[in-house]
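Here is a short briefing on one structure. Topics are surface, interior space and backbone geometry.

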Amino acid sequence: MEVNGQLALTVLMGLFLVAVAAWLARVENWRSYTPVAGGGAFGQKESYGSEEKPSGVIRWLTTVDHKDIGLLYGTYGLIAFTVGGLMVVVMRIELIDPGMSIISNTFYNSLMTSHGITMLFLFGTPIIAAFANYLVPLLIGADDMAFPRINAIAFWLLPPAALLIWAGFFPLPEVIPAQTAWTMYTPLSAGVGAGNQANAGVDLMLLGLHLSGVSATMGSINFIATIFTERGDEVSWANLDIFSWTILTQSGLILFAFPLLGSAMVMLLFDRNFGTTFFAGEGGAILWQHLFWFFGHPEVYILVLPPMGIVSYVIPRFSGRRLFGFKFVVYSTLAIGVLSFGVWAHHMFATGMDPRLRASFMAVSLAIAIPSAVKTFNWITTMWNGRVRLTTPMLFSVGFVSNFIIGGVTGVFLASIPIDLVLHDTYYVVGHFHYIVMGAIAFAGFAGLYYWFPLYTGRMYQKTLGKAHFWLSMVGTNVTFFAMILLGYGGMPRRYATFLPQFATLHQVATVGALILLVGQIIFVWNFVQSWLEGPEVEDGDPWDLRDSDLYTAEWDWYDQKLQTAIADGGETGEDDDPVLTDGGQVDADE
């Protein structure tokens, strides 16, 4: 009976998506639509491109403009960041005292599971897609993405994915949240034994994850096609900007990693509902770990490469000089992309695998630190003797570098088999990857949000509040996650809702750090929303004075032309100005 109910729910969700697609097809003339004036495919009416966009809700539901879709991705990602952050605040309050029980142990496990999945799949990947959708076409001189409608479809798969992942928290009869942790290890996630993980909440979470993977894969194909085929005549591989290089590499990783996770989750769903034994039989738990981590470790670089690109783009702007060693930053990006598929089993050193295999994975795991170190030294050298301006985007970029160093060094220790066997599944691991995920990835996201804030809002944020957001985030991150590293050295295991009394002090320190982080994010939300609505309007296409250091780039030139067109209503748009340089490594002599 339970299987029939789950199948019925799946069919209803499919019918809902078909109905949405049919409604969208009815409200817009898809055959004649062209995303921007002068664009469109063969056989389309050129005059249609000059028509106004729909207004209000219809605009956002039917848009295929890459900038609008970028804003939709950004809104979605920030909402997910808020949900995931509030989940962990509840968890940290529970961990103030070992005997505290404001929530049950099972609900703690549910929050822990959903927090990890929300931050990685519903915040991390979409917020990167927000930057990429908005900026890549502007940076490479494209009219729009290669497949604008597929771009829209990729986004609209995400809201139902989030609802499915969070479905267990809704008041649905006999549906409880998944408690498998974000790694979904079998046999627990297969519903084996007397626990409650045979519940439909796990099936809904798996379906939601699968939907988010389909979305990411569609987006990656679109970015690859766009960067390969839609570049302007002046943009070659030699002067392609560093952010587009990281998006291209990330898209390649997604294309190889996400379909594998999707296949593994389909097999797991079959095990749970149709009696197959992909993971329920002998060796199934190890098979799941191999399949999951073959996706799971490239996923770390899927999340961190574009933020590296943002930081590589922002640091030169406020150092007054071009990125040092541009080609080596590109080569190290490609090297990380290749090596990332050869390190997955360092998550499995404690499983009893063949020592010769363990040694090979240890060697590659240590080797992948080299291209990351190359980037770090290039960022530091770019700032060295530069005219550094400590704006909010620059502060977050510098914070990224310092947190990335701590997260990277602690990761190198985990790549060593003897050390990993001692620290495996302790809070040390939690501290390590949160230095990367929160201390690096989120910091780079904030750097990008503040740097391009005038571009997508037409206004400037409150600079004092921006800097307060940085310092509270920096202090909160280091207090919280360094305390976790010390907890791991003390032997505190992860994923526990309670602990021995000797760990109480460090847990309380971590909770204080988490609350400092919370205050910083509240300031960010206030500053972001209030400045978008009422901030001082930007009247110049160069709000950061980039022309003074010859670092003015294409997206600001587009914005400047937009401002001039709005003011002059069709007047001069700057065609006679000097050509705007890309941020790539090679600059033509006649430029």
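A nonpolar patch of about 670 Å² lies on the surface, built from Phe377, Ile380, Trp384, Ile405, Val409, Phe413 and Ile419. Two elements each give two or more residues to this patch: α12 (369–383) and α13 (392–414). The model is predicted. Inside it, a search of the whole structure turns up 6 cavities of 30 Å³ or more.

**Nonpolar surface patch**
- Helix α13 gives the most to the nonpolar patch, with 3 residues.
- Phe413, one of the patch residues, is found in helix α13.
- Phe413 has a relative accessible area of 40%. Buried means under 20% and exposed means over 50%, so Phe413 counts as partly exposed.

**Cavities**
- Rolling a probe the size of a water molecule over the atoms shows where empty space is left.
- The largest cavity holds about 180 Å³ of space.
- It is lined by 22 residues, and the closest to its centre are Tyr73, Thr125, Ala129, Ser215 and Ala216.
- Four elements give two or more residues to that lining: α4 (105–140), α5 (148–156), α7 (200–229) and α8 (242–274).
- What classes of residue make up the lining of the largest cavity? There are 13 nonpolar residues, 9 polar residues and no charged residues.

**Backbone geometry in the loop between α6 and α7**
- Most residues other than glycine have a negative phi, and most peptide bonds are trans.
- The peptide bond from Thr186 to Pro187 is cis, with omega near 10°.
- Pro187 sits in the loop between α6 (158–165) and α7.
- Met184 is found in the loop between α6 and α7. Its phi is positive, about 55°, although Met184 is not a glycine.
- Is Met184 buried or exposed? Its relative accessible area is 0%. The cut-off for buried is under 20%, so Met184 is buried.

**Backbone geometry in the loop between α12 and α13**
- Asn385 lies in the loop between α12 and α13.
- Phi of Asn385 is near 60°, a positive value in a residue other than glycine.
- Asn385 has 73% relative accessibility. Exposed means over 50%, so Asn385 counts as exposed.
- Both helices beside this loop, α12 and α13, give two or more residues to the nonpolar patch.

Note on methods
Residues are numbered from 1 along each chain as its sequence is written. This is a predicted model: local features need pLDDT of at least 70, side-chain atom pairs count only at pLDDT 80 or more; totals for chains, interfaces and linings use all residues. Side-chain values use heavy atoms; hydrogens and water are left out. Patches are made of residues with over 30% relative accessible area and no salt bridge: like charges are joined within 9 Å, nonpolar side chains (Val, Leu, Ile, Met, Phe, Trp, Tyr) within 5 Å. Accessible areas come from the Shrake-Rupley method with a 1.4 Å probe; for residues, only the protein chains shown count as cover. A salt bridge is a side-chain nitrogen of Lys or Arg within 4 Å of a carboxyl oxygen of Asp or Glu. Buried means under 20% relative accessible area, exposed over 50%, partly exposed in between (1.4 Å probe, protein chains only). On a 1 Å grid over the protein atoms alone, a cavity is a set of points where a 1.4 Å probe fits but cannot get out, and a pocket is an open set with protein on both sides within 12 Å along at least five of seven lines; lining residues have an atom within 4 Å of a point. Grid points are joined across faces, edges and corners, and a volume is the space filled by probe spheres set on the points. Ala, Val, Leu, Ile, Met, Phe, Trp, Tyr, Cys and Pro count as nonpolar, Asp, Glu, Lys and Arg as charged, and the others, Gly among them, as polar.
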